[in-house]
Amino acid sequence: LSCVMEPEQLPPPPPPVPAAEDKPSKGSDKKDAKESTTEIDREKTCPLLLRVFPKIGGHHTVHDFAERGREPKDEVQIYTWMDATLRELTDLVKEVRHEARKPTARIGFAFVYPDKMGRNV
């Protein structure tokens with residue numbers, strides 16, 4: 001499956017990596033790191049549109065997305081949140097694509113998004 005995110009829907013860049021002196025000591029537990037992550041309240045946060053282009057036998061090429069409006073035809077539009085897991089996305093695709101429900105089906109994700117120059121990568 002190839003996923004395309006609209007430019008206005010791209011996630012914010014990740015926070016900068018803390019310097020060595022900012023890193024927690026070895027004695028701190030994982031609970032502290034979990035508390036620092038921002039949770040999304042799905043009741044109050046508007047979902048984003050994730051455009052998914054399923055393809056049997058592999059991923060679409062980046063050239064398939066070179067021209068806006070000429071993307072592959074077999075698009076599945078999913079409204080979801082930034083914290084959605086790949087399991088959630090897989091379950092949503094399985095709801096609409098019969099071949100994804102087969103026990104032998106393998107589902108892979110690749111992201112296609114515009115770089116700073118506007119070219120899809």
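The exercises below work through parts of a predicted model, each with a solution in steps.

**Exercise 1. Which residues of α2 are buried, and how are they placed around the helix axis?**

Solution.
- Step 1. Helix α2 covers residues 86-96, and Thr 90 is part of it.
- Step 2. Buried means under 20% relative accessible area. Thr 90 has 11% relative accessibility, so Thr 90 counts as buried.
- Step 3. The buried residues of α2 are Leu 89, Thr 90 and Val 93. Viewed down the axis of α2, these residues fall within an arc of 100°, so they line one face of the helix.
- Step 4. A general rule fits here: an α-helix has 3.6 residues a turn, so residues three or four places apart point the same way.
- Step 5. On the face of α2 turned away from the buried side are the exposed residues Arg 87 and Glu 95.

**Exercise 2. What covers the buried residues of α2, and what does Thr 90 touch beyond four places in sequence?**

Solution.
- Step 1. The cover over the buried residues of α2 includes β2 (48-53) and β3 (76-80).
- Step 2. Leaving out residues up to four places away in sequence, Thr 90 touches Ile 107 and Phe 109.

**Exercise 3. Is β2 enclosed or open, and in which sense does β2 pair with β3?**

Solution.
- Step 1. Six of the six residues of β2 are buried, so β2 is largely enclosed by the rest of the structure.
- Step 2. In a regular strand the side chains alternate between the two faces of the sheet.
- Step 3. One side of β2 carries Leu 48, Leu 50 and Val 52, and the other carries Leu 49, Arg 51 and Phe 53; both faces are covered.
- Step 4. The pairing of β2 with β3 is antiparallel and runs over five bridges. Leu 50, for example, has Ile 78 of β3 as its bridge partner.

**Exercise 4. Which residues form the largest nonpolar core, and which element supplies the largest share?**

Solution.
- Step 1. The core has nine residues: Leu 48, Leu 50, Val 52, Val 76, Ile 78, Ala 84, Leu 89, Val 93 and Ala 100.
- Step 2. At least two residues of this core come from each of β2, β3 and α2.
- Step 3. The largest share, three residues, is supplied by β2.
- Step 4. Ala 100 is one of the core residues. Not counting residues up to four places away in sequence, Ala 100 touches Val 93, Lys 94, Ala 105 and Ile 107.

**Exercise 5. Which parts of the structure does the salt bridge between Glu 71 and Arg 51 tie together?**

Solution.
- Step 1. In this salt bridge, the closest N and O atoms of Glu 71 and Arg 51 are 3.6 Å apart.
- Step 2. Glu 71 lies in the loop between β2 and β3, while Arg 51 lies in strand β2, so the pair ties together parts that are 20 residues apart in sequence.
- Step 3. Both partners are buried: Glu 71 has a relative accessible area of 14%, and Arg 51 has 9% relative accessibility.

**Exercise 6. How many salt bridges does a search of the whole structure find, and how far apart in helix α2 are Asp 91 and Arg 87?**

Solution.
- Step 1. The search finds seven salt bridges.
- Step 2. One of them joins the side chains of Asp 91 and Arg 87 at 3.8 Å, N to O.
- Step 3. These two residues are four residues apart in helix α2, so about one helical turn separates them.
- Step 4. Asp 91 is partly exposed at 35%, whereas Arg 87 is exposed at 53%.
- Step 5. Salt bridges also link Arg 42, Asp 83 and Glu 88 in a network.

Terms used. Residues numbered from 1 in each chain as written. Predicted model: local features only at pLDDT ≥ 70, side-chain atom pairs only at ≥ 80, totals over all residues. Heavy atoms only, no water. Buried < 20%, exposed > 50% of the residue type's maximum accessible area, 1.4 Å probe, protein only. Contact = heavy atoms within 4.5 Å. Arc of directions from axis to C-beta. Pairing = 2+ DSSP bridges. Core = buried A, V, L, I, M, F, W, Y, C linked by side-chain atoms within 4.5 Å. Salt bridge = Lys/Arg side-chain N within 4 Å of Asp/Glu carboxyl O.
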